[in-house]
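Please open the model in your viewer and keep the selection panel at hand. The stops below go from a sheet to a pair of helices.

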Amino acid sequence: MWDWVAKLEELRRRDQLAVLVTVTKSAGSTPGKKGAKMIVLPDGTFYGTVGGGVPEHFALEDARKCFELMHDTTTTVPLEQRGEFPACGGTMELYMELVNDNPRLYLFGAGHIAQSLCHVLDGTQFRVHLVDERSEWINAPTLPAGVIRHQRHYSDFIREANWCDQRTYATILTYNGAVDQQVLAEVLPKPARFIGMVGSKSKWAKIQKNLEGQGHDLSRVRCPVGHDNGGNSPREIAVSIASQLFATSHDRE
């Protein structure tokens, strides 16, 4: 049996969305037996096999549906009845399990509020990607081990990251208002479920004027980001942002 556990761990470290396909039942003459596994990525790349040929074809087809609907499913492959392919005559049942489908937070800026937010979100469903070029902040030894650090320019990360209107959350907390505006302008064309930015009402008014003047639609931006809990310390603001992230992910707002 191939080392699917190691491949899953590699994909987990990369925060790569995938579908784990497992043969849960097989009856009659089938090319794949119970326990066989393959892993499918959204671009159709796959590893392992559930028997090749017909079952593999339909596993790929149904994996695509999992990615579209973002939920697990069970599918039956009656080899003599599906499609136009020659068949063995048996029946296989496949369990299609989405893995690494946690919401991912792209956190731009690794300053005090971001550091606190990383701690507040540690151990929750969110996979946190922290982005900052500044070594002293991105390499802070006190950051939780689960935080995925990206010491690079914001624009490079935005251009190369995976964006999804269901899984991706973006929060902008850089050290400078002009940088916040630049990051926001580059994030806005991307699909995302949540876009938030820290800032005062006056700062937000200026950024709105600038970006709307450039033709951007700011209707989905939450600024100031976070629920109003009355606090203004980094930890209190981090808690307010986390509260809004959870409320969004649980469809409460």
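Strands here are DSSP runs of E with at least two residues, numbered from the N terminus, and two of them count as paired if DSSP finds at least two bridges between them. The model is predicted, which should be kept in mind at each stop.

Begin by selecting residues 127-131, which form strand 7, together with strand 8; the two run parallel and are joined by three bridges. Within this pair, pick Val131 and look across to strand 8, where His150 is its bridge partner.

Now add helix 3, residues 112-121, which packs on the sheet and touches both strand 7 and strand 6 (104-108), its direction making about 165° with that of strand 6.

Widen the view to the sheet as a whole, which is open and has six strands in the order 8-7-6-9-10-11, with parallel pairing. At its edges lie strand 8 (148-150) and strand 11 (221-222), each of which pairs on one side only.

Next, select residues 105-245, the range that an unreviewed UniProt entry annotates as "domain: XdhC Rossmann". Over this range the chain is 40% helix and 16% strand, and the end C-alpha atoms are 9 Å apart.

Finally, select helix 6 (residues 177-187) and helix 7 (residues 201-213), whose axes are 11 Å apart and which pack at an angle of about 45°; the two helices are therefore oblique to each other. The crossing of helix 6 past helix 7 is right-handed. To see the contact, show the side chains of residues including Leu184 and Ala185 in helix 6, and Trp204 and Ile207 in helix 7. By class, this contact has five nonpolar, three polar and two charged residues.

Note on methods. Residues are numbered from 1 along each chain as its sequence is written. This is a predicted model: local features need pLDDT of at least 70, side-chain atom pairs count only at pLDDT 80 or more; totals for chains, interfaces and linings use all residues. Side-chain values use heavy atoms; hydrogens and water are left out. Helices (H or I, at least four residues) and strands (E, at least two) are DSSP runs, numbered from the N terminus. Contact means heavy atoms within 4.5 Å. Axes are lines fitted to C-alpha atoms, for helices over the stretch in contact, and angles run from 0 to 180 degrees between N-to-C directions. UniProt positions are given in the numbering used here, feature names are shortened, and annotations may be inferred rather than shown by experiment. Angles under 35 degrees count as roughly parallel, over 145 as roughly antiparallel, 65 to 115 as roughly perpendicular and the rest as oblique. A crossing is left-handed if the near helix is turned anticlockwise from the far one by less than a right angle, and right-handed if clockwise. Ala, Val, Leu, Ile, Met, Phe, Trp, Tyr, Cys and Pro count as nonpolar, Asp, Glu, Lys and Arg as charged, and the others, Gly among them, as polar.
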